[in-house]
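Q: Can you walk me through this one? I'd like to start with a helix and then look at a whole chain.

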Amino acid sequence: MRGVLGFALVLPPLLVLVFLVILPAISAVITTLTPATGVVTAAPLANYAEVLGTRTLRTDIVFTVIVTLVAVAMVFCLSYPLALYLRFVRTRIAALLGVVFMVPLFVPVVIASFAMITFLVGHGLVSTVLFRLGVERFPRLVYNATGIVLTEVWVSIPFAVLILGAGLQAIDDALIDSARDVGAGPLRTFLAIILPLNATPTMITLTLLFIAIFGSFTIPYLVGGNAPQMLGVTMTNYLTQYLRRTESATMAVIAFIIASVIGIVYVASVSRRERAAP
Amino acid sequence: MQAAWFLAVGGLRRALGIGALLALAGFILGPLATLLVWAFAGAWLFPHLVPEFSLKWWVYVLGNADVGKAIRMSVLSAPTATLLSALICIPAAYAFARLEFPGRRLLLLSFLSANAFPKIGLYVSIATLFYRLNLMDTFAGVVLIQLVNTLLFMIWIPTGTFRGININLEEAARDVGAGPLRTFFQITLPIAMPGLIVAALFAFIAAFDEAQGSLIVGTPNHITMPVLMYALVLSYPQPVGAVFSVLLSLPSVILLLVTQRYLRAGYLAAGYSL
Amino acid sequence: MMSRKPPIRAVCAALSLALIAFVIGAAGPGAAQSPITLNVYINGDTNIFDLWNKTLLPAFTKRYPQYRANFVPLLHGNGSQGVLDKILAAKQANKPTDVDLWETDPTYVTQGAPNGLWVKLTTQLIPNLTRVPPDKLRATDYYSMPYRGSSVVIAYNTAFVKTPPRTLDDLLAWIKANPGKFTYCDPNTGGSGQAFMVAVVYKFAPMAQYTGGAPYDQAKEAAWDPAWQMLKGLEPAMYNNGFHPNGNVAVLQLLAQQNVYIAPVWSDMGTDYLKRGLLPKTVKLEQITPPLFGGDSTVTAPAGSTHLEGTFTLLNWLLTPEAQQMVITSVSGYPGVDWKYMPASVRQQFADVAKPYAPLPDSKYFADMQRLWHERVAGGG
C-alpha cells in the first residue's frame, strides 16, 4: 500500500524525465550502436572504438576529467572555510560577505564568462593595472584551462557555500563547545565532529558540482582554449562543424557514463550511511 | 558567543583570514565591476586605465525592442517552471525520503540523467515530440523544457532535507492523532522549508539559464533572455555586450535583493538536521 | 498511455486541417486584408542583424504591405544547430515549420539537404535568379541563394607594420619574424580564421579538387598534410604562443587592443569597425595574393514553411537592384547578383575593393578541414 503511494508520488516528475530525457537518450544510444554508413559489417561498438581511438578525443576526455576534478577541488577548498566562517562568525562584515558570495548565483553563465574574459584577458583590467604597476610579463589567465577553472569556481562558489552552509547550520553549537571542553583543537574538532556530521550535504555538493562542471558547455566554449577542449565543446563541434552526428552522440554517451559513475558512488555512499544508521 | 573559536587564535591569523576573504570578494566582484565600466565606455584602448565615458551604446541598445520582450518572457516562464517543479517534485522527494517502494534507489539515481546526459544529442527527439504535441513556439513548451533542468535540484535537495528531519517528530504527531497530510503540512513542511527554498532557488536559476532547448522550442515568438543573450552579448562589440550584460543582469539583481534574507546564514537553519 | 494517443492524433489532424485551410485561404484572393507574417531567421554577426532588421525588412514590407516580417537574430554555430534541429524535428513530426527564411552557413544547408528540408530554387519560383551567376547556385546544389558577398582580407596596424605583406608567402614570413603579433580565429568559430587555414591548404593542394562540386573522396585529403605541418610550425609564433580567439569579433578586438598587429578579417566587418571608431585609425585593410577566400552569404527556403509564396517574393526582391544597393551601402558587402546588373556608379566604386577572391571548399571537405585543423594543428599533432 505504502509502496503504491510512494510510486504514485514519484510518477509525475518521472514521466517528465522519461519523455524528455530517457527516451530521447535511448534513441541517441541506439544511433551510436548503429555502424556508420558504408561500414555494414562493423561491430556495434565500432563508433566507440573510433572515438576512443582518436588521440585528440582521448586527450579531450582526460582533459575534461582533470579540469573538472581541479575545479571541484578548488571550489570545495574555498567554499568549506567560507561556509564555516559564515556559520560561526556573526559580524556585520560576515553578513555583508555572505551576500557578496551569493552574487555569482544570480549572474547568468554567459554573462559570467563574458565578464571573466574582460576582467582577466591580456590588456584587460587586471593586466592593465599590473602594467601600470610595472609588471610587464602577464600570465595567461583566460583561453586555457586556468580560465575554465577560474570561471567554473566563480560560478560554483555560491552553490557549494549554500549547500554546505545549510548542513553546518544543523550542527548543534553545544556539540562543538563540548569537543572544545575536552581539549580538541580546531582541526580535530573539524575532522572529528563537523566533517562527519555534514557528510550528506558534502556528498551532494561534490556530486552535483562534478556533474555540472563536467557537462558544462558555455564556460569552456567562451573561456577555454583551442585544444584540448572540454567534451561539451568537442561534441558540439562534431555536431555543428564537422558534420559528424554519430561521433557526437557517441561522445555524449561516454560523457554520460563517466558522470553516472560519480552518481552511483554518491548513491552507494548514502545508502551505506543509511544502513549504518539505526 | 564561543562560536568564533576557530578564528580566535591570534590577531595575525585573524588578519590573514580577513585578508583572504577580502581577496576572494575581490575575485567575485572584479569581473562584474569591469563589465560595469565597459558598459559606460565609448572606447577603451590599451593601456589607458580609465576609458572615455560614453552613453552612446546605451542609446543603441535601448532601441532594440527584442530585449524587453525577452526579459518579460524569462521573468514569466522561469518562475512558472519552478513552481510547477516544486508542485510535482516535492511530494516525490518526500516519497523518496520516507516511503519504501521497489526500485526507489534506481529511480532516485535516474534523475541524475536529466543533468548528466549531454542534451545536445537529445534536442531533435525532444523537438519532434513537441511538434506532435503542438508545444512548439508555445509558453507551455518553454516552461516544460526549463522544467527538465530543475528536476535534479528539486528532487535531490528536498530528498536530503526530508531525510534529515527526525522521524520521531513525525511519529509523535501521528501518535497524538494527526493524519498523514496534517503531519506533513504542520510538522514536516515548516522544518524542511529552508532546504526547499534553497532547492527552489537553484531550480529557478537552472530554469532561468536554459538556452539551447528554449531556442529550439521558443523561437520565433517565445524567445527568452539567455537565447537572445548568446546572440547579442557575443556578436556585438565589447561595450555593447557589456551594456546587454548589465541590462540582462537586472532581473537577477532584483531576485538577489528579494531572496537575500533567505540566503543569510541564520535563516538557512535545519535543512539537514540530524 | 495507449488510450491517450488517439485524441492527440485527432487534435493534430484537426489542427493541420485548420492550418491547411488557413494557408489556402491566405494564398487566395482574400489575402490582402490580413498581412502574413514571415519569420526570418538570421544567423550572423551584428552588422547583418542590423542590415535585415533596420534596412532590408522595413523596405520589403513597405514595398509588399501584404507581408509582415518577424526577425529572429541568432548566433552562428550553436544557434544554427538549434534552427536546423527545429526544422528537422518538424519534418519528422510531419508538421509545418515556422522558419520561413533562413540565412546560415552552407554547412547547415548541406546537412539538411538529404532530409529534403529545403526548396530547390528555380527561375520559375524566383525570376530574378537569372541574375545570379550559376556557379554560385551550384555550390549548395540550388538549395540556397546568395544575396550578398564579402571576402576575407588582411588587417594590419600601420603604427607597427611599416611594410605590409603583399603575398601569402610574405605574410607567412612576417609571422615568423614577428612572433606573437598575428593570430587567426579558431576555424570553428569564424570565417576569417577559416580563410587563413584554407589559404595555407590551397598553397599545397590544388583548390580545384575541393571546390565547385567536385566528388567527395576522403583519400584526397592526404595532400593537406604539408599544410597542417606548416600551420603547426606557425603555432609558437601566434599571439600568446598559439592562441586562436573565438570568432570574427574577438579577432577585431585583439586588433583594437593592439595585442596583435596583423590578422585576417572579413572585409565588410573590418570596414564597419573602422567606420564606427572601434579600431584604431592606423588599421588598414588589404587583399593579398593569392587571395584569401570570400563567400556568398546565402538564404534558404525551408520546404516545410507554410508561407512559401511570401518567402519567394522576399527572395526575388532581395535580388532587385533596390535591395542589392542596400546591401552595398549598409554592410559594404558585394552584390549577390552578377556585377553587370549593378549600376555603373557602383561598379566604379567597387573597382578597387572587390578584387577576386578564392572559392570556399565544398562543405564536406570544409568540415573535414576544420576537424583536421583541430586534430593536427591545435591538438598538437
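A: Sure. One definition to begin with: the expected span of a helix is 1.5 Å times one less than its number of residues. Keep in mind that this is a predicted model.

Q: OK, so what should helix α14 of chain C span?

A: Helix α14 of chain C covers residues 363–378, which makes 16 residues, so at 1.5 Å a residue it should span 22 Å. Its end C-alpha atoms are 21 Å apart, which agrees.

Q: Where does α14(C) bend, and by how much?

A: At Leu372(C), by about 25°.

Q: Is α14(C) mostly covered or mostly open?

A: Mostly covered: 12 of its 16 residues are buried. Leu372(C), the residue at the bend, is one of the buried ones. Others among them are Tyr365(C), Phe366(C), Met369(C), Trp373(C) and His374(C).

Q: And what do those buried residues pack against?

A: Elements from two chains. From chain A there's α3 (55–88), and from chain C there are α4 (106–112), α7 (191–204) and α8 (225–234).

Q: Switching to chain A, then. How many helices and strands does chain A have?

A: 13 helices and zero strands. Read from the N terminus, the elements are α after α.

Q: What box do the C-alpha atoms of chain A fill?

A: Roughly 75 × 75 × 30 Å, taken along the principal axes.

Q: How much of chain A is buried?

A: 53% of its 278 residues.

Q: And the contacts, what share join residues far along the sequence?

A: Taking contacts in chain A between residues at least 6 apart in sequence, 73% join residues at least 24 apart.

How values were computed
Residues numbered from 1 in each chain as written. Chains lettered and ligands numbered in written order. Predicted model: local features only at pLDDT ≥ 70, side-chain atom pairs only at ≥ 80, totals over all residues. Helix = DSSP H or I, 4+ residues; strand = E, 2+ residues; numbered from the N terminus. Bend = angle between axes of the 7 residues up to and from the residue. Buried ≥ 20, exposed ≤ 12 C-beta atoms within 10 Å, placed from the backbone. Contact = placed C-beta atoms within 7 Å.
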